[in-house]
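Let's take a friendly walk through this model together. Please have a look at the sequence and the structure first, and then read on.

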Amino acid sequence: MSKLLKAAQAGTVESSDILIRLIPGDAGTGIKVELVSPTMQQYGAHIRNLITKTLVSHGIDDIQVNATDRGALDCTIKARVITALQRAGE
Amino acid sequence: MEKLRRSMMFIPGNNPGMLQNAGIYGADTIILDCEDAVAITEKDSARNLVFQAISEMNYGTEVAVRINHISTPFGWDDLKRILPAKPDLIRLPMAQGPDEIRQIDEFISAAEQKNKFPAGSIKMMAAVETPKGLRLAYEIASASPRMVALAIGAEDFIANLKTTRSKLGRELLAARGQLVLAAREAGIQCIDTVFSDINDEEGFKNEIELIKEMGFDGKSVVNPRQVSVVHDIFAPTAKEIDHAQRVLAAYQEALEKKSGVISLNGKMIDLPIVARAERTLAYAKATAGKGGK
Amino acid sequence: MKNSIGREIPDFIPGLGKVTGFGGAFARKPVGRTAGAALSTCLPRTDKLLASIETAIDAVGLKDGMTISFHHHFRNGDRILNRVVEAIAKKGIRDITLSPSSLNTVNDALIPYIEQGVITAIETSGARGKMGRFLTEGHLKKPLHIRSHGGRAQAIESGAIHIDVAFLGAPACDRYGNINGIQGQSACGSLGYAIQDAAYADQVVAITDNLMPHPLFPISIPQTQVDYIVVVDSIGDPAGIASGALRYTKDPKELLIAKYAADVLDYSGHLQQDFSMQLGSGGASMAVGRFIKAKMLERGITGSFGVGGMTGVFAEMMEEGLFKMMFDVQSFDIPAIDSIKKNSNHLEMSASYYANPHNGGAIVNNLDAVILSATEVDVDFNVNVITDSNGVIMGASGGHSDTAAGAKLTIVVAPLLRGRLPMVKDAVQTVVTPGETVDAIVTERGIAINPKRLDVIDNLKHSGLPIMSIYDLKDIAYGLCGRPEPIEVTDEIVGVVEYRDGTIIDVIRRPIF
């Protein structure tokens, strides 16, 4: 089980990108994803799941994620989440 | 017929929009760039984006990655992160000598083994950008069987020469000539430097004609618009193809007649000319299959 | 009922009544005669000039429930439509049906009048921005009635739309009502969308900022059709009426799509001596024009005519001798306006001549090729140009379905993805142009040819172009973005899309926002 040391972010709000902000969560608070996306209806659920899955696979249990999406594809979302985790000292 | 590398297009590794469209412009090779195109504070972003892009996108072209030099804090991390995605080619900038090629070669071998990739499947190329690098170009080119191409990076090189880039390009004559010699002696390809003035179409075309004449196999490009211009100029002309066909016909005739002399229009044809004709036709065939682009 | 392309259309639509579903692009044959304007008379030397718009509204006897019309030739520089509706509202008149040839973002100012019930129905080509969103939310009393340019002309000429009063912006108007669009500070070029209105409306009010001595020439709308004239300070903002020369895009992805489209035209065999074509006005369409021009010069061929909303790019090709003439229904930029003014082979044409399916044959019927855009396309080659992937009204039907029906080769260009949204889908949100009239879908990652066009498929076999089935193209799109969840919509019909022949090809249901 990994623990985040500090808040961190990765990505931008440029077209086709996603800005991921991570804030460490207290133990037991779980994974909370706040998502803003121009494709909320079409892909909102999918993007949320992807962010959550990526965090879980890195052993994260408690975290707050603020995601501002500008039409990013899955590979970009994964990369930004992983970069943010690395910057948070995971 | 060896892999065509007429155009090698640089894509900034920290730009998701450009990464996803990298494969549509018909470049023979795309180079996902973790080095010059990426700010120091975003080197980590770039290597993660490049890793995911290679893993998930179906580019349909050869995929190369320009890593940071291994003497920087970033180079080894780039390799560690990206090799498991199985890029086709690793491009080392600022190559200074054969040792660094050998070091990277070993690292790649270990990664191939660990990830169960066929041994030797990940290739290498190196760009020389300093006088020392150019002097050791042959050593660099022959330092590893993975090496498939040598390139020259003009901006840094010219700064090192203490001169400036000019329209005629004479400041690069010696360097380009030497690069071609080194690459040919080592039996690998040579790729020319980037032409960054996107709007100077005339200057661009002149430069491509020049390097084609000098024997270069291809050119690095930074903009999709440049790709078809390179391909058009590198394509054999109808006249060249016609001539090549007639040379080969004459060669066939000589073989059938068991004659020791090959002649075309009263002129003697040496074997190197036959080899060149074969190369022209193979090239024409390979490029025709690419939609005439 | 399910219409012939499988769209679910209610038999009875509130605000419209009983409707006929689309039955095929050429299925419906008209019966009856053309409708006509009310007869009138005008004594010799009558002064048609009125003091103000308010006076004109009184003079025409505008009442609750009437239909008024406008043209949209001043685009976002228009200073007439909003002004007239404002004056109507002030007089307490309500329940008006607005029938402009199209709406622009400058008309967002009409929103309060819709909320107040001054305007209860709109019949037009489309709506964008705030107005589009507002109409999608269902605030208009009756569903928005969308028609193509040809469909609007058809409806006016058959009487399906009865215009009580047409308020026509006139860049040049003489004292007895002769009008043209090419003179004056608010010149807009062709008045193609106004010509039907002037001929079929019961009464016509010309509004001008350039009153000229009688008689003026050339004459686009004759004095015999004009009842009243009002002079105002400015009928349009020149900067909004026409931009400087519209240029083609420099975006590499759009250029690639444009190049593919030109190649499809070339290899299909439709790029021959004396061919005819329509280009759109978007940056990508004009880039196609540039590539086609290069091919024409390379092959030494010239074209017969160009059609459509005209831009300087096309005018330039005509002046260089690459086309013999142009038919212009709308002049988009200053070079196009200059051209129609000085070139006798650059002709103004009415929307009816352009695209009406129920006459002796509109010019779209003679088109060899048309390049069109799309908001979405689907595996049946149906095209959406009116709503986005969220079901919000943001575009216009325009001449899309008209040219697609008439042209020998219809090419639709679009990026495969817009952001993360796939543009090639199982089913589009709203159908404007039916797949049977669409021959090729061109994206940056692949080109799909309608399976009906065996000739085109055959000709493109050795082109080296990335030809694939529409299903493969869709799979590439879904492979990149994922399969999109469908938009949730209610049963409430907020828009009706009428095909050019008067049948209903699709409806727009209010999305759950």
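We begin with one pair of residues: C:Cys173 stands opposite C:Ile179, which belongs to strand 10 of chain C. Before going further, please note that this is a predicted model, in which local features need pLDDT of at least 70 and side-chain atom pairs count only at pLDDT 80 or more, while totals for chains, interfaces and linings use all residues. Residues are numbered from 1 along each chain as its sequence is written, and chains are lettered from A and ligands numbered from 1 in the order in which they are written.

**A small sheet in chain C**

Strand 9 of chain C (residues 172-174) pairs with strand 10 of chain C in the antiparallel sense, over 2 bridges. Strands pair here if DSSP finds at least two bridges between them; strands (E, at least two residues) and helices (H or I, at least four) are DSSP runs, numbered from the N terminus. In chain C, 3 strands form an open sheet with mixed pairing, in the order 10-9-12. Its edges are strand 10 (179-180) and strand 12 (211-212) of chain C, each of which pairs on one side only.

**Two domains of chain C**

Chain C is divided into domain 1 (46-241) and domain 2 (252-488), with bounds that come from an automatic or database domain assignment. Taken over C-alpha atoms, the centres of these two domains of chain C are separated by 29 Å. How many residues of each domain of chain C are in contact with the other? There are 32 from domain 1 and 32 from domain 2, where contact means that the C-beta atoms, placed from the backbone, lie within 7 Å. On the side of domain 1 of chain C that touches domain 2, at least two residues each come from helix 4 (129-136), strand 7 (144-146), helix 5 (149-158) and helix 6 (194-200) of chain C. Helix 5 of chain C supplies the largest share of that side, 7 residues.

**Contacts between chains**

Chain A meets chain C through 12 residues of chain A and 11 residues of chain C. The contact of chain B with chain A takes 11 residues from chain B and 15 residues from chain A. On the chain B side, helix 1 (16-21) and helix 2 (43-56) of chain B each give two or more residues, and helix 2 of chain B gives the most, 7 residues.

The table sorts three contact sides by residue class: Ala, Val, Leu, Ile, Met, Phe, Trp, Tyr, Cys and Pro count as nonpolar, Asp, Glu, Lys and Arg as charged, and the others, Gly among them, as polar.

| Side | Nonpolar | Polar | Charged |
|---|---|---|---|
| Chain A, touching chain C | 5 residues | 7 residues | no residues |
| Domain 1 of chain C, touching domain 2 of chain C | 11 residues | 16 residues | 5 residues |
| Chain B, touching chain A | 4 residues | 5 residues | 2 residues |

Methods. Two residues are in contact if their C-beta atoms, placed from the backbone, lie within 7 Å.
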